[in-house]
Amino acid sequence: MKNFIYLNLQKPKGDFSSDNIFRFSFFTFGIVKNTLSYICKGKFIQNMADNAITSTVIYTGGLRTSAEHLKSGTKIITDAPTDNHGKGEAFSPTDLMATSLATCMLTVMGIACQSRNIIIDGTIAEVTKIMAANPRRVAEIHIKLTFPPIDYTDEQKKLLELTARTCPVAESLHPNLIQNITFVF
């Protein structure tokens, strides 16, 4: 039996000052093949498989975790840093956060370059993470992107810089976190 969540979105009747107020009517809900699906006014909206579990993380003890990317099976280990009771034998969670900014920048620049025949292979990102206290958090991420010795045009440089600065991770980080990005062409 197929089970769905049906959403009937309707503007309420009456005089309301906001156009953003809707009444939700739920008719049926459930799971289809272990994924949640949404139907709105009889139309398929989203299969929650699009938002399937990305990874599993296990706390293994000793301030260490093991994370597995479910689609690929790739595993990474994190360790608490030495300045926070750990051994520092692997990436810390905040190291991964800072590093993910650099990997995201490189990835989206690569995507932008594919269709434009711009070569960035060999570009190196050097990542420096600066912590703050009270509360303990990443206060700054400094990334130095050094591109291969190619004569990039001003237009290409502008594209690369804009693409890097607006990558999904950069857009997801708290606005108080300072992102200091240096481009070396």
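Let me begin at a single pairing: Gly 61 has Arg 64 as its bridge partner in β6. This is a predicted model, in which local features need pLDDT of at least 70 and side-chain atom pairs count only at pLDDT 80 or more, while totals for chains, interfaces and linings use all residues. Residues are numbered from 1 along each chain as its sequence is written, and side-chain values use heavy atoms, with hydrogens and water left out.

Strands here are DSSP runs of E with at least two residues, helices are runs of H or I with at least four, both numbered from the N terminus, and two strands pair if DSSP finds at least two bridges between them. β5 and β6 (residues 64–69) run antiparallel and are joined by six bridges, and they belong to an open, antiparallel sheet of three strands in the order β5-β6-β7. Because β5 (55–61) and β7 (75–79) each have a single partner strand, they stand at the edges, and one side of each is left without a neighbour in the sheet.

Turning to the second pairing, β8 (residues 124–132) and β9 run antiparallel through nine bridges, with Val 127 opposite Ile 143 in β9. Four residues lie between the strands of this hairpin, where Asn 134 takes a positive phi near 55 degrees.

Finally, the largest nonpolar core, a set of buried Ala, Val, Leu, Ile, Met, Phe, Trp, Tyr and Cys residues joined through side-chain atoms within 4.5 Å, has 24 residues, and those with the most contacts inside it include Ile 141 and Ile 143; buried means under 20% relative accessible area with a 1.4 Å probe, protein chains only. α1 (93–114), β9 (137–146), α2 (154–165) and β10 (178–184) are the elements giving two or more residues to this core, and α1 gives the most, with eight.

Definitions and conventions:
Buried means under 20% relative accessible area, exposed over 50%, partly exposed in between (1.4 Å probe, protein chains only).
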